[in-house]
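Reader: I have a protein chain open on my screen and would like to understand it. May I put some short questions to you?
Author: Certainly; please bring up the sequence and the structure, and we shall begin.

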Amino acid sequence: MKHFFFSLKPRERFMALAALLVAATLWSTGAWARVQGGWDAWRLLEEDALAQKVTLAKEREVRNATALAVQGLDSGHGYDPAKLVAETVNATREAGLSANTDAPKTTKSGKFAVHSLQFSCRKADIGSILRFYDSVKARAPYLAIGDMVMTTERGSNGTVTFKATLTALELIGQIPSGVKAEGAEPEAGK
C-alpha cells in the first residue's frame, strides 16, 4: 500500500489524502451520532427508572387514595353500556334535547369497567345544556361528562350544536370488605 501511494504523482497523492479525510470525517460524524443517540437513550432510561422508583415509593399513598375512592362505590349502582345509553337519552330528554349517540366504548381494568359514549345534540339552547349538566351531576360519581364542545349554528339565533362524551363507571364484582384506607373510621353498624 505504501509503495502504491508513493508511486502516485503529487497531485494524485493530495487527492487520495483528501478522499481519505472526507471518508474519515463522514465516518466520525456517523460514529458521533451513534454515541450521542446511545447516551440520550441511557439518560432517558435512567430518568424512567427514577420516576418508577418514586412511584413505587408512593405505593402506600396510592393504595390509601384508591381505598378512599372505592369506599363509597356500591356494586350494581354503576352503568353498563346499555344503561349508559338509556341514561344519556333520558337525561337529554329531561333537558329538552334530542341526542344522536354512537356505540359505547368499554375499557376494563381489574374490578372496574369504564364505558364512554359520544353523542351530539343539534339546535340546543344554553338553558337546555345547563339542565342536562345538572341531570348528569346528580348521577355522580358513576356518570360524568367528559369532552364538551359547543359550536354555533349558522342561521339560528342562540342555538348551538352540543357534542359531549359521557363516561360511566361500572363496578364488576364486589369490593373486598377489608378494603379501607389507613386512619379511616369504621362505619357505624359494621
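Reader: Is Lys-123 buried or exposed?
Author: Lys-123 has 55% relative accessibility, and it counts as exposed because the cut-off for that class is over 50%. Please keep in mind that this is a predicted model.

Reader: Where is Lys-123 found?
Author: Lys-123 is found in strand S3. Its phi is near 55 degrees, which is a positive value in a residue other than glycine.

Reader: Which strand is joined to S3 by bridges?
Author: Strand S2 is joined to S3, which covers residues 112-124, by 5 bridges, and the two run antiparallel. One of the pairings links Lys-105 with its bridge partner Ser-116 in S3.

Reader: How many residues lie between S2 and S3?
Author: There are 2 residues between them, and the two strands form a hairpin. Gly-110, in the turn, has a positive phi of about 60 degrees.

Reader: Why does S2 lie largely in the open?
Author: Strand S2 has 5 residues, 105-109, and the number of them that are buried is 0, so the strand lies largely in the open.

Reader: Let us step back. How many helices and strands does the whole chain have?
Author: The protein chain has 5 helices and 5 strands. Starting at the N terminus, the order of the elements is α-α-α-α-β-β-β-α-β-β.

Reader: And what share of the residues counts as buried?
Author: Of the 190 residues in the chain, 22% count as buried. The accessible surface is about 14,000 Å², and carbon and sulfur atoms make up 60% of that area.

Reader: What about contacts between residues far apart in sequence?
Author: Among contacts with a separation of 6 or more, 65% are between residues 24 or more positions apart.

Reader: Now the interior. Which residues have the most contacts inside the largest nonpolar core?
Author: They are Leu-84, Phe-119, Phe-132, Leu-143, Phe-162 and Leu-166, in a core of 21 residues. At least two residues of this core come from each of helix H4 (81-94), S3, H5 and strand S5 (160-171). S5 gives the most, with 6 residues.

Reader: Could we follow Leu-143? What does it touch?
Author: Leaving aside residues up to four places away in sequence, Leu-143 touches Tyr-79, Leu-84, Val-136, Leu-166, Thr-167 and Ala-168.

Reader: And Ala-144, where does that lie?
Author: Ala-144 lies in strand S4, which spans residues 143-152. With the same sequence limit, Ala-144 touches Val-136, Thr-165, Leu-166 and Thr-167.

Reader: Why does Ala-144 count as partly exposed?
Author: Its relative accessibility is 37%, which places Ala-144 in the partly exposed class because that class lies between 20% and 50%.

Reader: How far is the C-alpha atom of Ala-144 from that of Leu-169?
Author: The two C-alpha atoms are separated by 8.7 Å, while the residues are 25 apart along the chain.

Reader: Back to the surface. Which residues make the nonpolar patch?
Author: Ile-126, Leu-130, Met-148 and Met-150 make a nonpolar surface patch of about 370 Å². Helix H5 (126-137) and S4 are the elements that give two or more residues to it. Met-150 lies in S4, and with 42% relative accessibility it counts as partly exposed.

Reader: A change of topic: how many salt bridges are there?
Author: The count comes to 2 salt bridges. In general, side chains of opposite charge can pair when their charged atoms come close.

Reader: Where do Arg-43 and Asp-40 lie?
Author: Both lie in helix H2, residues 10-57, and they are 3 residues apart, about one turn of the helix. Their side chains meet in a salt bridge, at 3.8 Å from N to O. Arg-43 counts as partly exposed at 41% relative accessibility, and Asp-40 also counts as partly exposed, at 28%.

Reader: Then with which residue does Glu-59 form a salt bridge?
Author: Glu-59 forms one with Arg-63, and the closest N and O atoms are 3.0 Å apart. Both residues lie in helix H3 (residues 59-71), 4 residues apart, about one turn of the helix.

Reader: Are those two buried or exposed?
Author: Glu-59 is partly exposed, with a relative accessible area of 40%. Arg-63 is exposed, with a relative accessible area of 56%.

How values were computed: Residues are numbered from 1 along each chain as its sequence is written. This is a predicted model: local features need pLDDT of at least 70, side-chain atom pairs count only at pLDDT 80 or more; totals for chains, interfaces and linings use all residues. Side-chain values use heavy atoms; hydrogens and water are left out. Buried means under 20% relative accessible area, exposed over 50%, partly exposed in between (1.4 Å probe, protein chains only). Contact means heavy atoms within 4.5 Å. Accessible areas come from the Shrake-Rupley method with a 1.4 Å probe; for residues, only the protein chains shown count as cover. Two strands pair if DSSP finds at least two bridges between them. Patches are made of residues with over 30% relative accessible area and no salt bridge: like charges are joined within 9 Å, nonpolar side chains (Val, Leu, Ile, Met, Phe, Trp, Tyr) within 5 Å. A salt bridge is a side-chain nitrogen of Lys or Arg within 4 Å of a carboxyl oxygen of Asp or Glu. A nonpolar core is a set of buried Ala, Val, Leu, Ile, Met, Phe, Trp, Tyr and Cys residues joined through side-chain atoms within 4.5 Å.
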